[in-house]
Amino acid sequence: AMSEGIPDFVPHMIIDTGRNAVADARKQCKNWCNIRGAGVGLLPTTETVDKDLIDAYFWLKGPGESDGCSRTLPDGSACPTFKAACASRESLGTRAGEPPAPEAGKWFDFQVKQLAANAKLS
């Protein structure tokens with residue numbers, strides 16, 4: 001569509017592989033927050049399968065950085081930046097035995113261990 005509207009436009013993309021190693025880790029695309037069962041994907045590189053279209057594989061968010069907080073923070077207080085997506089059945093911190101997720105960008109030790117355990121780096 002864009003290439004039709006903009007003469008000589010050739011789209012390129014970067015694919016975020018920071019959490020995509022496990023196919024179908026989430027059942028609904030709208031669920032993006034600290035997905036249970038996710039794993040780190042391909043290492044960042046410019047060596048892609050289609051260099052005419054894909055410029056790089058890259059970790060847009062570093063493994064271990066929380067995507068967002070649970071209703072309750074690890075210290076027991078209410079999360080002031082809580083988003084409903086972080087309460088999906090697929091999000092870490094919503095099941096018994098899982099620690100609550102910290103605010104977005106904060107270190108989430110439970111998540112990084114899961115991402116490493118499920119990693120497929122090549």
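**View 1. Ile-14 and a nonpolar patch on the surface.** In this predicted model, Ile-14 counts as exposed because its relative accessible area is 53%, and the cut-off for that label is over 50%. Look for Ile-14 in strand E1, which covers residues 13-16. Together with Phe-58 and Leu-60, Ile-14 makes up a nonpolar surface patch, and the three share about 320 Å² of accessible area.

**View 2. The largest pocket and its lining.** Here we turn to an open space with a volume of about 230 Å³. Its lining has 13 residues, and those closest to the centre are Arg-19, Asn-20, Arg-26, Ile-35 and Ala-38. By character, the lining splits into 6 nonpolar, 4 polar and 3 charged residues.

**View 3. Asp-52 in the loop between E1 and E2.** This loop leads to strand E2, residues 54-58. Asp-52 is exposed, with 64% relative accessible area. Pro-11 is 41 residues away from Asp-52 along the chain, yet their C-alpha atoms are 8.9 Å apart.

**View 4. Asp-8, a residue with a positive phi.** Most residues other than glycine have a negative phi. Asp-8 is not a glycine, but its phi is positive, at about 65 degrees. You will find Asp-8 in the loop that runs between helix H1 (2-5) and E1. Asp-8 is exposed, at 79% relative accessibility.

**View 5. Asp-24, with another positive phi.** The phi of Asp-24 is near 60 degrees. Asp-24 sits in the loop between E1 and E2, and its relative accessibility of 63% makes it exposed.

Notes: Residues are numbered from 1 along each chain as its sequence is written. This is a predicted model: local features need pLDDT of at least 70, side-chain atom pairs count only at pLDDT 80 or more; totals for chains, interfaces and linings use all residues. Side-chain values use heavy atoms; hydrogens and water are left out. Patches are made of residues with over 30% relative accessible area and no salt bridge: like charges are joined within 9 Å, nonpolar side chains (Val, Leu, Ile, Met, Phe, Trp, Tyr) within 5 Å. Accessible areas come from the Shrake-Rupley method with a 1.4 Å probe; for residues, only the protein chains shown count as cover. A salt bridge is a side-chain nitrogen of Lys or Arg within 4 Å of a carboxyl oxygen of Asp or Glu. Helices (H or I, at least four residues) and strands (E, at least two) are DSSP runs, numbered from the N terminus. Buried means under 20% relative accessible area, exposed over 50%, partly exposed in between (1.4 Å probe, protein chains only). On a 1 Å grid over the protein atoms alone, a cavity is a set of points where a 1.4 Å probe fits but cannot get out, and a pocket is an open set with protein on both sides within 12 Å along at least five of seven lines; lining residues have an atom within 4 Å of a point. Grid points are joined across faces, edges and corners, and a volume is the space filled by probe spheres set on the points. Ala, Val, Leu, Ile, Met, Phe, Trp, Tyr, Cys and Pro count as nonpolar, Asp, Glu, Lys and Arg as charged, and the others, Gly among them, as polar.
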